[in-house]
Each structure stands twice: as C-alpha cells, then as structure tokens.
Amino acid sequence: MTEPDRPRHLGVCYYPEHWSEDQWAEDAARMVAIGLTYVRIGEFAWSRLEPEPGKMDWDWLDRAIAVLGGAGLQVVLGTPTATPPRWMLTRHSDMLAVDAQGRPRGFGSRRHYCFSHRGYREDCARIVTLLAERYGRNPHVAAWQTDNEYGCHDTTVSYSPSALTAFRNWLARKYQSPQALNRAWGNVFWSMEYASFEDIGLPNLTVTEANPAHVMDFRRFASDEVVSFNKLQTDIIRRYTDAPIAHNYMGRIVDFDHFDVGADLDIASWDSYPLGFLSDRLEADEAFKLRFLRQGHPDFQAFHHDLYRAVGRGRWWVMEQQPGPVNWAPYNPDPLPGMARLWAWEAFAHGAEAVCYFRWRQAPFAQEQMHAGLLRPDSAPAPAYHATEQVAGELKAMPLTDIAPAPVALVFDYPSAWAWSIQPQGKDFDYFRLAFAMYRGLRQLGLSVDILPASARDFTGYGLVLVPGLFTLPEGLAAALQASGAEIVAGPRTNSKTPDFSIPVPLPPALPGLDCRISRVESLPAAAPVPLAGGGAFVGWRERLEGTAETVIRAEDGTPAVVRSGRMTYVGGWPDEVALARILGEAAHRAGVTVTPMPEGVRQRDTKTHRFYFNYNPEPVVFNGNELPAAGVLWTPRTA
Ligand code: GAL
C-alpha cells in the first residue's frame, strides 16, 4: 500500500483560551519562524464557546483564527465534545458514563460522557453544527478534528441506563428474536435463556463471568456507538466544508474498531508519547526499559504509524508528538537530545503527512502543568523547540517522496482484541501483545511492514502475510489469502471461534488447504516454556495439532509445533524471539523476501528514494557501513 506524493509538514497544538490575547500574535509569529505549518486548536474549549446554555461567545475564536491564519498558519479545528461544560450535567444529569462497578464517573477532568446518551448527542450535534456553520468556509481552517482521543481514560465502554437501552435495541436489530439470540449465545447453558430483549442486562455485576458471547456483542455494540457518535459529527461538518476530517487516536487502545471509525474520516492521526508508553503501556523487562528509558520502544511508534496508515487508507498524521517529559506515566524522563527529531523523521519515513507537537507552551496551571511543551511556561524555548526548527529546515531541504511498498503484511483486527480479552484462557494472552511481537519479529529482520484490516482482500505485492490470533477468518479473507500467492503464516488461535464465540466443528484452524486440527490447547506461565527442537520455545500458549500437514518444527517432546501445506504455515503456540526469528526468517526466505537482521535498537524503513536508519540506542552504532548517531536518524539514497 502506498500513498500519493504529498508534502510533509510540522505543526503544534495550541490553546489560545489558556493565554492572554496579547500573546497570540507573538506566539503565531514564532510558530511560523520555526517552520510550523499547522496549529490545532479548540478541542477542549466548549466552556469558553458556550459559557451558559445557548449563550455563545465566538468572538475570541474568530480573533484567534484570524491571528493564527493571518500569520500564515493553517488551523486544524477540533470539536469540543470531549469536554462538556459543567452546565451540561445539569441539563442531562444521567449523561455520565457508568463504570463496571455501576458507579457514574464524575465531572472535573474530561471525557465525562456516555456515547449512548441521546440528549448529549443532540447537544454535540448542536455545537458541531454551530462550529461548522461558522468556520466551515473560513480560509484559515484547513482541517478538522472530531472530539479528542476516543477511548482515552477507559471511556469506550459504559454500563449506564442509556447504554442498556441502546444495547437492547442493537441486539433486537441483530437477532430479530430472543430465540435466535439464545441459540447464538448458547444460553441453554446455566439456564440463561431470555424470553424478551427487555430482559437482557449489561454483562457487568454478574456473579461470576458473563457469557463470552454476551460480552462480545456488548463490545461490538460499544464500538459501534463510538462509530455512530463520530459519524454524527462528520456528517454535519461535511455539510459545511470540503476540508479533510481527522480524529486523534491513541497508542495501544483497542477498545473500538478504528477501521470502522476511520471509514468516516479522511485522515487518521494518532498521539505519540514514546516515553510515556514505554513506562506505562508496554511489557518489557526492566533492563530493556532502562536501556530505552529516554528514547522509547524502537518498534512501538512504527507499529502505530503503520497501523494508522491503514486506518487512514494511506492518509495519516501524528497529531500530538511528545516534546519532553510528560506528566501521566509512572516515571516521566526527559528524552535524549535527538529524540524529538528522530520521532518526527520516523513518522515521515512511514508516510506521515504531518507531525504536530503537543503542546506549544507548557501550561503552569491545572492537570498538565508538569507536561513539557515546545516553550517553557515563561515562553523561553524548551529543547524540542530547537529540534522542531531543525526538522523543519531539513524537510525543506529534502521533501520526502512516497514510502516504498512493503513486502510484508500483518493483519490486525480489533474484534480479536476484544475476544481474547474476554477469554484469554491464560492470563498473559493479549492480542495486541501477540500482534506486536510478530511485528517486532519482522522489524528485527529489517522488513518494512504494512498493517491491514481483516476486511483486506487484495494482497498484491506481498511476499509474506501474517495472520496471528485472528478470532474468525472471514471466508472472503481465507479465499483472498489462498489466491494471493504469498506465504501465509497464521496462528496461534487464528480462526478458532465462530462469529458467535463458539468452537467450530470441524475443529480449528480450518485454514484452506491445510489439514490440521487443534485437538487441545494449554496456557502456561512464562516460567514454563515449551522448548522447540532446533532452538526457541513456545511461551505461555501451546496447541496440540493433528492432521496430515507437514510438521516443519517440532517441540522437543516430538509433537508438531509448526505445520505447513503449500504456502500455508500454522504456528501452534506463542513463539519466543528465537522461535519467531526462525519461523519468520524461513517464511521470508520461501517468499523470496530479503531479510537483514538488525542490531538491537536499530530499525530501518524504506521510502522510494531513501533508506532511513533509526538508532534508538543511547550510543552510536555502526551498521551496514553507516555510522548511526546515538539517539539519531540517518538516511541514505537507495541504489536499487
Ligand atoms: C493526550 C491528550 C492531550 C494531552 C496529552 C498529554 O492523550 O490528547 O490532550 O492530555 O495526552 O500527554
């Protein structure tokens, strides 16, 4: 998958409402002077736009847009629906999301709304309409952002009365009759049968675990609520403008289907906080976390760049880029000098159209006062200010061309993440972790990767396609994979459930052309690996395989671990790094895809004209005859 040649830009997130108006012009002039193109504003400003119900105050935003635009910046205007003002709760006292313990979540921070609340949706439609009417044709408004970080602070799922009503309607539409639902869910088990949709509850506060099919439908419903909430806004905005619409997604948030939300948007964007993520959101041993403490995980950003390139169908941005220490992780170190530049170039080398730093000036007040910006609270430059200026200069000197087509694809599927969180079967089985481990294995072999949704049907150009842990393999996908001519590596757990969350018979994985059945699965603590003959091990998850497919790797106990027929390979366990390198290395070899084993912390990515090297290590590395600076990036023209 490639995208057309587009210019690359830098930007910044700015909150005019946080500063006195006489600072705006100087701020804008400095933004332009360091080479910024975009300024994102407005996404939390509802209390200033509508201080009292129905009493609008547009003047300040009119002026802010005029000042920023007049200075030569292009404005990305956010809808303010992530932060309903306090009066909104007086209007809709039941609009708060409710947590799994049945407690409403309070006012006093942000994202305090339930996606299913009809009254709140009406107010969102109203403010978005007013905003779009007023600024849709404003020449300075170049793009829009809906809301802010759907799902942030665990806000996708709500157990509110509004969610209950909407869920029952969703089920009635899906199943048409309670009998059909009972059959699909297997409700004969434990006498869970329902006589009416009105009897069905939300799957929280049950005595022991709820039926996985019930929870799975609830998760699908919750995701659909995010999709329709977002679409409500995009439908309105599009009536008033042709400017592209984005949303800013997050790292490792899988609670709603980003591909579904993305279908209604023009651009995917995400908020990249490499140091916060490493400390807060990633499994890794202490030594690794210490080594990359000030640089971030060498694969985590790239994974999301590749993922959101797919979500945006080729068009994607980094809407928020960490500029210095953040405030929200267990520890908040300062990035090494060089990282603000490396992170930006890594995004561009993966096809980003824009990288916007969060935020312009550090706010001395409220929740994020310890969060760095490009400027200190006293307006003096913070270190990332200079890095930004440097990247802007480099971009001018070397405008990037398209990314090169990747030889490898990885199928990533949000419903699979819900399924395995509902039924991990072993406490460490996490879908994101599995997909990320596979991605990492590919990158350790120096490969550029495309991430594709399970709805992908065109695999032209890929030598190798990975399909780990896919809950159900849609028939169309199975056929497309088989027809693709690519080497396919599937498993563990791929195609192991029906869409109704049951075990299919004939037994999984039922992959086209592969005679293999999983006769039993077991989950194991990490301290009890299953060693494989020839090196490496399965860790945490292991399947017993039967059938006539050729065994290509055995466990040391002699049982089949990896089997193959033709171009279809099935991996019956969770491979550790050594096993994964063997499996992927061999599959790449069979596919005729050249691999380049990479040193720790060094990654590469090709554009059509250049090879980029990213050195996440705190010391220089010599690789392929290139001296890669510590915490630095280097690019060389591609010869082939
Ligand atoms: C993001 C969010 C921003 C800001 C930032 C701090 O998740 O979108 O509004 O809170 O984190 O790192």
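1. Two strands count as paired here if DSSP finds at least two bridges between them. On that basis, this predicted model contains a closed barrel of eight strands, which follow one another in the order β1-β2-β3-β4-β5-β6-β7-β8. The pairing in the barrel is parallel. Ignoring direction, neighbouring strands of this sheet are turned by 25° against each other on average.

2. One pair in the barrel can be checked in detail. Strand β5 covers residues 245-249 and strand β6 covers residues 267-272. Four bridges link β5 and β6, in the parallel sense. Y249 has its bridge partner in β6, namely W270.

3. Helix α13, residues 339-349, packs against the barrel strands β1 (9-13), β7 (316-321) and β8 (354-357), lying across them. Relative to β8, the helix runs at about 150°.

4. On the surface, V188, F189 and W190 make a nonpolar patch of about 390 Å². W190 sits in the loop that connects α7 (178-185) with α8 (212-240). The relative accessibility of W190 is 58%, so this residue counts as exposed; the cut-off for that class is over 50%.

5. The loop between β12 (487-490) and β13 (517-523) deserves a look at its backbone, beginning with P492, which lies in it. The peptide bond joining G491 and P492 is cis, with omega at about -5°. P506 also has its place between β12 and β13. The bond leading from V505 to P506 is cis as well, and its omega is near 0°.

6. F501 belongs to the loop between β12 and β13 too. Its phi is positive, near 70°, and the residue is not a glycine. Is F501 buried or exposed? F501 is buried, because its relative accessible area is 7% and the limit for buried is under 20%.

7. A second non-glycine residue with positive phi is A631, at about 45°. A631 is found in the loop between β23 (626-628) and β24 (632-637). With a relative accessible area of 3%, A631 is buried.

8. For a check of the backbone in the model, the entries to inspect include the cis bond between G491 and P492, the cis bond from V505 to P506, and the positive phi values of F501 and A631.

Technical notes
Residues numbered from 1 in each chain as written. Predicted model: local features only at pLDDT ≥ 70, side-chain atom pairs only at ≥ 80, totals over all residues. Heavy atoms only, no water. Helix = DSSP H or I, 4+ residues; strand = E, 2+ residues; numbered from the N terminus. Axes fitted to C-alpha atoms, helices over the stretch in contact; angles between N-to-C directions. Contact = heavy atoms within 4.5 Å. Patch = residues over 30% accessible without salt bridge, like charges linked within 9 Å, V, L, I, M, F, W, Y side chains within 5 Å. Areas by Shrake-Rupley, 256 points an atom, 1.4 Å probe, with all protein chains shown as cover. Salt bridge = Lys/Arg side-chain N within 4 Å of Asp/Glu carboxyl O. Buried < 20%, exposed > 50% of the residue type's maximum accessible area, 1.4 Å probe, protein only.
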